[in-house]
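Here is a short set of exercises to work through with the coordinates open. Try each task yourself before reading the solution below it.

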Amino acid sequence: MTTGADKAFEGWTLGPLRLRNRFIKSGANEGMYRGSLPTRALVNHHRQIAAGGVALTTMAYAAIERDGRTFEDQLWLRPEAVGPLRVLTDAVHREGAAASAQITHGGAFGFVKPSDGRRPASASAGFNPSGALHGMMLKRALTPAELDLLADRFAAAAVTAREAGFDAVEIHMGHGYLLSQFLSPGENKRRDDFGGSVEGRARFPRMVLRRVLDAVGRDMAVLCKIGVHEGYRGGAGAGQAAELARLLEAEGAHMLVLSAGMNVQSPWWIFGSKMPIAEMKQAEPSFIARRALDMLALMQPRRLEFHELYLREFSRQVRAAVSMPLGYLGGVKSIGNVADVLADGFDAIVLGRALLHDPDLVEAFRDGRLTASGCTSCNQCVATMHGPSGSHCVLLPAPDPRENAIIAR
């Protein structure tokens, strides 16, 4: 173990939750739901990562309601999901880890038409780039009354997650989903109390956080995932992220997970490297969506190359602004990187692609079998997300697709 990384393997307390170390599996769309319920593949995915040594594994994108889904099969939290999700949380707990449910709403970023026949809802009305590919050219602005109702639904979803055995919830406020649509100055053009300044744009996300904390905050760790750099013209940068962090700290969030990028405008910033456009096109059956990927290829920076700790400078600005716990996410590939993150004052190390390639990476770091992940940051795992086996590292054998068709009960 590299000197300086020892602290990463020590137990610590996150809100009301005691964790065995400081490693967290990030929420990243697994593509392992059928009928908006978890599959056996999803259970195996998180059990394997828990067995590999992380303290907390995050089940990605649990929508707070049916119309909050981005894709048809994505999970939405409801009573029918509690039993199947218990299979997942029990499996994680048997391996000595804790489980977190990432709760969110897609807003206008979604490919499922709203059940009420109306336009997709967002912070502001106008053209809807992602929905346009699926016959939803325009989006509408949510009313204050609707925002109040949605905040209650976030809280209800957190309660459902608690019933399903989760130890934490992560409120997704980044990447262009609904709460991010309010936070981003490029998306939020409102002139009421929910727009304008950082404080105004954060009013609805803060309302959601407060309702979730009131509902489950004594029993569960409540995290928020935010963007430290949206990566497109008109989007928020690290200075605004620092302002947001201060507001969320004042509201009582137990920890912030720091990410970057937007799904539509700048997805490469999520990963710190180019998107695998050719592979994504092969996996996409829709002609229109393939043309959209061609447009994305033209937008993508030509000289963007992966480097370790690619969000470090942005995240340091947030670290300097608050004293609350922060989880660093973005290009941690080695035990040396872990030491650097801890030296910067971050409280947790959040890993994504590295754990797809090496599910037992934490244990391998601990016992010295590995000092660096074998992940090449090629991002081809993104293209596997909607395939028959769900997200997996293309450098390893693909999981059995039959497991992704069996509902876990």
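**Exercise 1. Examine the salt bridge between glutamate 146 and arginine 140, then place it beside other salt bridges.**

*Solution.* Start with the pair itself: the side chains of glutamate 146 and arginine 140 form a salt bridge with an N to O distance of 3.1 Å. The criterion is a side-chain nitrogen of Lys or Arg within 4 Å of a carboxyl oxygen of Asp or Glu. Next, check the surroundings: glutamate 146 and arginine 140 are both buried, where buried means under 20% relative accessible area, exposed over 50%, and partly exposed in between (1.4 Å probe, protein chains only).

A word on conventions: this is a predicted model, in which local features need pLDDT of at least 70 and side-chain atom pairs count only at pLDDT 80 or more, while totals for chains, interfaces and linings use all residues. Residues are numbered from 1 along each chain as its sequence is written, and side-chain values use heavy atoms, with hydrogens and water left out.

Now move to aspartate 347 and arginine 319, whose side chains meet in a salt bridge at 3.0 Å, N to O. Aspartate 347 sits in the loop between helix 13 (335–343) and strand 15 (348–351), and arginine 319 in helix 12 (residues 312–321), so this pair ties together parts 28 residues apart in sequence. Helices (H or I, at least four residues) and strands (E, at least two) are DSSP runs, numbered from the N terminus. Aspartate 347 is buried at 18% relative accessible area, and arginine 319 is buried at 12%. Finally, Arg206, Arg210, Asp214 and Glu251 are joined into one network by salt bridges that share partners.

**Exercise 2. How many salt bridges does a search of the whole structure find, and which parts of the chain does the pair of glutamate 95 and arginine 47 link?**

*Solution.* The search finds 21 salt bridges. In one of these, glutamate 95 pairs with arginine 47, with the closest N and O atoms 3.3 Å apart. Glutamate 95 is in the loop between helix 2 (79–94) and strand 7, while arginine 47 is in helix 1 (residues 40–51), 48 residues apart. Glutamate 95 is partly exposed at 29% relative accessibility, and arginine 47 is partly exposed at 31%.

**Exercise 3. Is strand 6 buried or exposed, and which strands pair with it?**

*Solution.* Count first: 8 of the 8 residues of strand 6 (residues 56–63) are buried, so the strand is largely enclosed by the rest of the structure. Then look for partners, remembering that two strands pair if DSSP finds at least two bridges between them. Strand 3 (residues 23–25) runs parallel to strand 6, joined by 2 bridges, with lysine 25 partnered by threonine 57. Strand 7 (residues 98–104) also pairs with strand 6 in the parallel sense, over 6 bridges; here leucine 56 stands opposite alanine 98.

**Exercise 4. In what order do the strands of the open sheet with 3 strands lie?**

*Solution.* The order is 8-10-9, with mixed pairing. Strand 8 (121–122) and strand 9 (126–127) stand at the edges with a single partner strand each, so one side of each has no neighbour in the sheet. Strands 9 and 10 run antiparallel, joined by 2 bridges, and glycine 126 has lysine 139 as its bridge partner in strand 10. Leucine 138 also lies in strand 10 (residues 138–141) and is partly exposed, with a relative accessible area of 36%.
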